[in-house]
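This report walks through selected local features of one protein model. It begins with a pair of aromatic residues and moves outward from there.

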Amino acid sequence: MLELIDISKRFKKVEAVKSLNMFIEQGEIIGLLGPNGAGKSTAISILSTLIEPTEGDVRFLKKSVVKKPSPLRKAIGVVPQEIALYQQLSAEENLLFFGRIYHLKGSELKQRVNEVLEQIGLTDKRKVIVESFSGGMKRRLNIGVAMLHKPQILIMDEPTVGIDPQSRSYILETVKNLNRENQMTVVYTSHYMEEVDYLCDRIYIMDQGNLIASGTNEEIKQILSSEDTISIQAERWSNEFIEHLKGHPSIRNVHVEEKEITLITPKEVNVFSEIISMTEKYGIDLRSLHVKSPTLEDVFLHLTGRALRD
């Protein structure tokens, strides 16, 4: 349905995207992951026809849309990372305004506004000024604007940033329903790995402008099939203990959180006894030490050396 073919984008001396290839089938949810500066936003801007690639081609339904983007623009709805609403207008007035930009009018426009308000759960807030909305309600209305013209492809750039868990859950279920009931294709970026794990059929991982992995959730997790993910839990850490772990020849990744350290090691190497000795040496009050099944977060750390929010 939509393809990026050998896409590169340069800004002066910075190459933000390097020979990126992506294909998106109708009716699937695609996750696009990467740490800050990975090139995700540039890739989304190219998919949204906001900028042209320096090299490569974008094809929609097998036809190039780089120089003639109108067919793709009519087919996409974009939910930007920043809230894009008129704060002094009501929810209904915002939808009516943006609906006219989409060339909707008359009874068709009114019907779509009613349908969208129902879908995003804001029917009872239709006359309320957006400025008084919570962050979650604004995010939901932002999604509603992108859905007005019944797009074939919905591009969502971190749509749940800075909102409460209830609104976040509502948005995730809305995306699931749109995909299931309307066969809507969704391109989804997020800094919350569990969202991508829950929603997406396939995942692309970018780092420093390069595509470094792609596949289904299970295919991505199989990248660590020859390695163990080890969890160490304690109340506190010492810098010496952390540096010792990082310098160990058999430990390939060390991710430190407040009360948990995650390590990635080859399956054939047993480092349990060494870790226990190290905790005793550095006075670490060890609470648990165990091997866990690899998660999307573990694979991401393994591939990029950074957490998604770094």
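W237 and F241 are both buried in this predicted model. Their rings form a stacked aromatic pair, with 5.9 Å centre to centre and 5 degrees between the planes. F241 also forms an edge-to-face pair with Y282, where the centres are 6.4 Å apart and the planes are 65 degrees apart. This second pair links distant parts of the chain: F241 belongs to helix α9, Y282 to the loop between α10 and β14, and 41 residues separate them. Y282 has a relative accessibility of 23% and counts as partly exposed, because buried means under 20% and exposed means over 50%. F241, in contrast, has a relative accessible area of 0%.

The surroundings of F241 can be described further. Leaving aside neighbours within four places in sequence, F241 is in contact with I232, I261, I275, M278, T279, Y282 and I284. R73 lies elsewhere: its C-alpha is 54 Å from that of F241, and the two residues are 168 apart in sequence.

Helix α9 also holds N239. Is N239 buried or exposed? With a relative accessible area of 60%, N239 is exposed. Its C-alpha atom is separated by 9.3 Å from that of Y282, which is 43 residues away along the chain.

Helix α10 comes next. Which residues of α10, spanning 272-281, are buried? They are I275, M278 and T279. Seen down the helix axis, these buried residues fall within an arc of 100 degrees, so they line one face of α10. An α-helix has 3.6 residues a turn, so residues three or four places apart point the same way. E280 and K281 are exposed on the other side of α10. The buried residues of α10 pack against β11 (227-234), α9 (239-247), β13 (260-266) and β14 (286-292). Just after the helix, G283 takes a positive phi of about 70 degrees.

Aromatic rings appear in other settings as well. Five aromatic pairs are found in a search of the whole structure. Ring pairs join Y86, F97 and F98 into a cluster. Rings also meet charged groups: the charged end of K9 sits over the ring of F11, 5.4 Å from its centre, and that of R168 sits over the ring of Y192, 4.2 Å from its centre.

Charged side chains are the next topic. How many salt bridges does the structure hold? There are 15 salt bridges, and the table gives some of them.

| Acidic residue | Basic residue | Closest N and O atoms |
|---|---|---|
| E15 | R10 | 3.7 Å |
| E28 | R202 | 2.7 Å |
| E92 | R126 | 2.7 Å |

E28 and R202 link distant parts of the chain, 174 residues apart: E28 is in the loop between β2 (14-24) and β3 (29-33), and R202 is in strand β9, residues 202-207. Both of these residues are buried. E92 and R126 link distant parts too, at 34 residues apart, with E92 in helix α3 (residues 91-101) and R126 in the loop between α4 (106-119) and α5. E92 and R126 are likewise both buried. Salt bridges with shared partners also join E235, K259, D285 and R287 into one network.

The partners in the E15 and R10 salt bridge have another setting. E15 is partly exposed at 32% relative accessibility, and R10 is partly exposed with a relative accessible area of 35%.

One further charged residue is K138, in helix α5 (residues 135-147). K138 is buried yet has no salt bridge. The nearest side chain of opposite charge is that of E131, 7.4 Å away; a salt bridge would need a side-chain nitrogen within 4 Å of a carboxyl oxygen. Not counting residues up to four places away in sequence, K138 touches I83, L85, Q87, V130, E131 and F133.

Key
Residues numbered from 1 in each chain as written. Predicted model: local features only at pLDDT ≥ 70, side-chain atom pairs only at ≥ 80, totals over all residues. Heavy atoms only, no water. Buried < 20%, exposed > 50% of the residue type's maximum accessible area, 1.4 Å probe, protein only. Helix = DSSP H or I, 4+ residues; strand = E, 2+ residues; numbered from the N terminus. Arc of directions from axis to C-beta. Contact = heavy atoms within 4.5 Å. Lys, Arg positive; Asp, Glu negative; His and termini not counted. Phe/Tyr/Trp six-rings, centres within 6.5 Å; stacked < 30°, edge-to-face > 60°. Lys NZ or Arg CZ within 6 Å of the ring centre and 35° of its normal.
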